[in-house]
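This report introduces a protein structure to a reader who has not met it before. Please keep the sequence and the structure in view while reading.

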Amino acid sequence: MDLGIPDDDSSMIDNLYNNEIISFRIRNLMKNMKGFRNIIVHRYGKIDDGLAYTFIKDNINDFDVIIKCLDNIMNKY
């Protein structure tokens, strides 16, 4: 399978979606997680700890969804 060389994280996720390896929903989850990670790691602006905690708590199951998707991909390829 040749997906090309991605320019960055976003294009890697887009390549997976454009080649029908991941769904639109998984694409969006991964991009949102990447964006949140960048905010935390690179400290873009002031972080509201309460808001960050609520976001993580409300979206923790997204990890399970993505892990299941990746497991399916690994078993397929």
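The sections below go from the whole chain to single residues.

## Overall architecture

The structure described here is a predicted model. The protein contains 4 helices and 0 strands, and its elements follow the order α-α-α-α from the N terminus on. Measured out along the principal axes, the C-alpha trace spans about 40 × 25 × 15 Å.

Contacts between residues at least 6 apart in sequence show how the chain is connected: 39% of them join residues at least 24 apart.

## Surface and charge

The protein has 77 residues, of which 22% count as buried. About 6,100 Å² is exposed, and carbon and sulfur atoms supply 54% of this area.

With regard to charge, there are 10 positive and 12 negative side chains. The centres of these two sets lie 4 Å apart.

## A nonpolar patch

Which residues form a nonpolar patch on the surface? The patch is made up of Phe-55, Ile-56, Ile-60, Phe-63 and Ile-67, and their accessible area comes to about 460 Å² together. Two helices, α3 (49-59) and α4 (61-76), each supply at least two residues of this patch.

Ile-60, one of the patch residues, is located in the loop between α3 and α4. Its relative accessible area is 42%. Because this value falls between the limits of 20% for buried and 50% for exposed, Ile-60 is classed as partly exposed.

## Two asparagines in helices

Asn-15 belongs to helix α1, which covers residues 9-18. Is this residue buried or exposed? Asn-15 has a relative accessibility of 18%, and it counts as buried because the limit for that class is under 20%. When neighbours within four places in sequence are left aside, Asn-15 is in contact with Leu-3, Gly-4 and Pro-6.

Asn-75 lies in helix α4. The relative accessibility of Asn-75 is 61%, and this residue therefore counts as exposed, the limit being over 50%. Asn-75 and Asp-2 are separated by 73 residues in sequence, while their C-alpha atoms are 18 Å apart in space.

## Summary

The predicted model is a protein of 4 helices and 0 strands. On its surface is a nonpolar patch that includes Ile-60, a partly exposed residue. Of the two asparagines described, Asn-15 is buried, whereas Asn-75 is exposed.

Conventions:
Residues are numbered from 1 along each chain as its sequence is written. This is a predicted model: local features need pLDDT of at least 70, side-chain atom pairs count only at pLDDT 80 or more; totals for chains, interfaces and linings use all residues. Side-chain values use heavy atoms; hydrogens and water are left out. Patches are made of residues with over 30% relative accessible area and no salt bridge: like charges are joined within 9 Å, nonpolar side chains (Val, Leu, Ile, Met, Phe, Trp, Tyr) within 5 Å. Accessible areas come from the Shrake-Rupley method with a 1.4 Å probe; for residues, only the protein chains shown count as cover. A salt bridge is a side-chain nitrogen of Lys or Arg within 4 Å of a carboxyl oxygen of Asp or Glu. Buried means under 20% relative accessible area, exposed over 50%, partly exposed in between (1.4 Å probe, protein chains only). Contact means heavy atoms within 4.5 Å. Lys and Arg count as positive and Asp and Glu as negative; His and the chain ends are not counted. The place of a charge is taken as NZ of Lys, CZ of Arg, CG of Asp or CD of Glu.
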